[in-house]
Structures are given as C-alpha cells and as structure tokens.
Amino acid sequence: GRLDVQVKVRGIRIEPGEIEAVLLEHAAVGEAVVTVREDVPGDRRLAAYVVPREGAELVATELRAYLAGRLPEYLVPAAFVALEKLPLTPSGKVDRRALPRPQSTALERAEAYEAPRDGLEETITALFEEVLGVTGVGLHDNFFELGGHSLLGVQIMAKLKEATGVRLPVAALFKAPTVELLAQEVRSGGSEMPLMFPLRFKGSRPPVFLVHPVGGGLMSYSGLVKHLDEDQPVYGLRSRGIEQGEKPNWTIQEMARDYLASIRAMRPSGPYRLGGWSMGGVVAFEMARLLEAEGETVESLVLIDSQVPWLNEPESSMPGNELRIVQLFAQDLGFPADRLPTADPEARAEGEVVYLRQMLETARATGNLPKDMDLARMQHMYGIFRINLQAMYEYRPESYGGRVTLIRAGKRGVMNRLFAKKSYGWEQVVRGELEVRTVPGTHHSIVRKPDVEKLAREVERALGY
C-alpha cells in the first residue's frame, strides 16, 4: 500500500499505509486496509479491515495489543473488521466505499458476552454504547478495545457524574476499563477530584490544555472557551490544594510535573498545545520546557499576559504588604476596582482576616462569590492564592527552544505597570521564535467581556487557524 496518503483524525495527520504495513507483519493477517470512518457526524475514527491467512483466527484484542506495542496510541484503529475478502473495484483496487460499517467489536470477543446484572451496570453499559456508538456491550467488554480513546473517556466520566453523582477522574478508566470494574469504582465512592477538567468536549482539532491562574480555579476561562472555535476541545488544569485536605504544590516546577502526569494519562504523546492566562502561562512554559527536554513536540505555547517578576526585576520578591496581596486576590475574583479591600488599623493585629471580611461583605452586595461562602472557605482560597503567588515570585525559568506566542494586554493596568518591556522579559529565556501580540484591555479585563472576544481570535491564530 502507499505510505503517502494522509488523513486527519482528531486533528492529527495520519498515514493509513503505515498502519497497514504493521498489520501485515502479524502472522495471522493476510490482507489489511485501514480507513477513516465517520458513521457518527463529527466523530472520525480509524477502522482496520483484515483478511486472515488460511487457517488463522483473528481476535480484536490481540491485533490491538500488537499494534499498541509498535505504534503510538493515536495510530491504533478504533475498530477491527474481519472479512473473507476485500471488496474490489472493476479495476482491481480496494473499493473503500464498499467496506462495511463496523458493528461493535466486529471481531470475535476475547471474553464471552455477559449482560449487566443491576441498575448501575446497566447505566454504565448504556453510557458506553451511547458515547462509543456501538451496541451489545457486555459486562467484561473493555472501553478501549471497543474503540474508546481518552477524549471519549472524558465524556464518559462527565455523563457518569450526572447519572450517579460520583465524580471519577478520567484516569480511572485505565484502572477500570470494563463495565464491571467501573461499577466497582462508582460503588466505592470514587477517588479524589481530578486535576484536569474538560472545558469543552467536542471538536476534531487537537486539544489545548490551559493551566489555572494564580487563584487556582478555572472559571476565568469560561468566556475564552465560549468564544473559541466550536471545533476546538479545551481542557483545564486546576490547582492542587483547592480541595480540602489536599496538599498543594509549592513550586512552579512541582506544578508542571504534576499537571503533565494528568495530561499524559489522557494523551500519552504529542504534539501538545499548552497555554494559560497570568500565572497559568508561566506554569505552561515550564511544562513545555520539560516536554522539550524529553524529546516531545510542543506545537503551540500561548502565554496570555503571563509575567515572571524575576525576568523584569532580578531582585524582585513577594510583596510584603498583606493588603496588596489581598487586593490582587480580590481582582483575580473579579471584584470591582472601587470595591477592593482598603487599609484598616485592625489589620495590624489580625492580618488578612480583616480584609477577607471586607471581601465577604462586598461579595454579598455585588454577587462576586457564592452565597454560601464563609470566612473559613475564603481563607482557604486565599491560602492557595498566596502559595501560588509565592511560587511565581520564586520561579527562575530556564531556556526553552520552542516557539512561544505572548498575548499581552494593551492597557497598562496595575499589573502591567510592573512590567515595562513589551515582551515582559521572555526574550531572555526563549531561544526559539517569540511572537508578541497585543489585545485591548487590562490584565484582568482581557478574559472578560467584551475584551475576551478579541483575545479568543488571537489565541486561535496562535493555535494555527
């Protein structure tokens, strides 16, 4: 077969001939054709059609394992179909239009079919069939062997949360890929809240991973995601420590390693698209640097008004004024400029508590925070904010050879006045191309209406479309 015919699946260019060549090396495979199916609109998947050698027996699980040991995950077909012979055109070429639609696993199962035994297993079975677009899923059928992949796994977990109230990380599918095992995970009450959340499931483009800003949450990306192209999947990485009892990461380097582990549980190999607003871009930079050191490809790195104090002021240190830090915290939450906490004599004795009480009073009047927010919860949020801010001030970035796009705010607000250089000093550590673009608004307004629409267009350009 030819190796120069390319197709595109989930934003990745693939040469089916490369997969066919590996399949033909299997002792039981006589002929093989790999093509792209789109039996469900918008859901393009690879399908392998194989003719066994005389006297040989083909099992989908064996072929999948065989390919997985020789090819990247994204080159392993979602479905395998056994045929007595390949359909041919009058000219003797393979008639790809005549290849049948895959039905479930389409090859004999490694496990005998067993029906779900209770309501929970029936619910999970129905979710597998809905998301994977197959029928006849049994108790022991493997999510990945049925054609599932990590992006579909995120959908499964979201729908499972809606149906059962139990939140499981996507990585749980690698531990419990069958209906039976996944039901056991749900009954156990699930595990800790995942670090990575889908901000948008749908889309055929390669996903972009956005890292949280200094506040640790992901709500700041809601406007950006809404205005990005609908074909762009987006995943967000929250801060460790937001959940009660969870140990935070104390350095940018720790965050980068931690978040990469979550990404690789879903997408083991590149190319990767990374980015983030404010401190999120700083962490994304360190993640890209680590990936580069491991020989991985970072296709896009988008820094959204991201600043490292040390790059501008080598002697810079964490602000010593607690009021200033609380004001930054309030700005990060979207508090109006005229309602930020103000100096209070009592704060000398009680520290940030007085200012956080001011924020609670303002929140009740402006609706910036949930109604059930109390001082203890706000202190916890502030603690994470402070840890993350400290990490950014202590970060000393090393050089990176990839391409970087810095999208900076055009209006010199409070944050931008600290950084006089147009490039915020990134040229000191970026060995590759550094492109700087400017959008209307301040550091905080560019992720909110109406400025966020212009930001979305520049992010799209940075991602290559």
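A contact is a pair of residues with heavy atoms within 4.5 Å. The exercises below concern a predicted model.

**Exercise 1. Describe the protein as a whole: its elements, its burial and its contacts.**

Solution.
1. The elements comprise 15 helices and 12 strands.
2. Burial requires a cut-off, namely under 20% relative accessible area. By this criterion, 53% of the 465 residues count as buried.
3. The accessible surface comes to about 21,000 Å², and carbon and sulfur atoms account for 49% of it.
4. For contacts between residues at least 6 apart in sequence, 71% join residues at least 24 apart.

**Exercise 2. Establish the strand order of the open sheet of seven strands, and state which strands stand at the edges.**

Solution.
1. Strands of a sheet pair through backbone hydrogen bonds, either parallel or antiparallel.
2. Here the order is E6-E8-E7-E9-E10-E11-E12, and the pairing is mixed.
3. The edges are formed by E6 (196-200) and E12 (434-439); each has a single partner strand, so one side of each lacks a neighbour in the sheet.
4. From one strand to the next, the twist averages 25°.
5. The antiparallel part of the pairing includes E6 with E8 (residues 234-237), joined by four bridges. In this pair, Phe197 lies opposite Gly236 of E8.
6. Helix H8 (residues 252-266) packs on the sheet and touches E6, E7, E8 and E9. The direction of H8 makes about 145° with that of E8.

**Exercise 3. Explain why strand E9 (residues 272-277) is largely enclosed, and identify its neighbours.**

Solution.
1. Six of the six residues of E9 are buried, and therefore the strand is largely enclosed by the rest of the structure.
2. The burial applies to both directions in which residues point: Tyr272, Leu274 and Gly276 point one way, Arg273, Gly275 and Trp277 the other, and all are buried.
3. One neighbour is E7 (residues 208-211), which runs parallel to E9 and is joined to it by three bridges. Val211 stands opposite Gly276 of E9.
4. Another neighbour is E10 (residues 298-304), also parallel to E9, with six bridges between them. Trp277 has Ile304 of E10 as its bridge partner.
5. E9, helix H9 (residues 279-293) and E10 together make a right-handed β-α-β unit.

**Exercise 4. Decide whether helix H1 (residues 16-23) is mostly covered or mostly uncovered.**

Solution.
1. Six of the eight residues of H1 are buried.
2. The buried residues are Pro16, Gly17, Ile19, Glu20, Val22 and Leu23.
3. H1 is accordingly classed as mostly covered.

How values were computed:
Residues numbered from 1 in each chain as written. Predicted model: local features only at pLDDT ≥ 70, side-chain atom pairs only at ≥ 80, totals over all residues. Heavy atoms only, no water. Buried < 20%, exposed > 50% of the residue type's maximum accessible area, 1.4 Å probe, protein only. Helix = DSSP H or I, 4+ residues; strand = E, 2+ residues; numbered from the N terminus. Pairing = 2+ DSSP bridges. Right-handed = clockwise from strand over helix to strand, strands pointing away. Axes fitted to C-alpha atoms, helices over the stretch in contact; angles between N-to-C directions. Areas by Shrake-Rupley, 256 points an atom, 1.4 Å probe, with all protein chains shown as cover.
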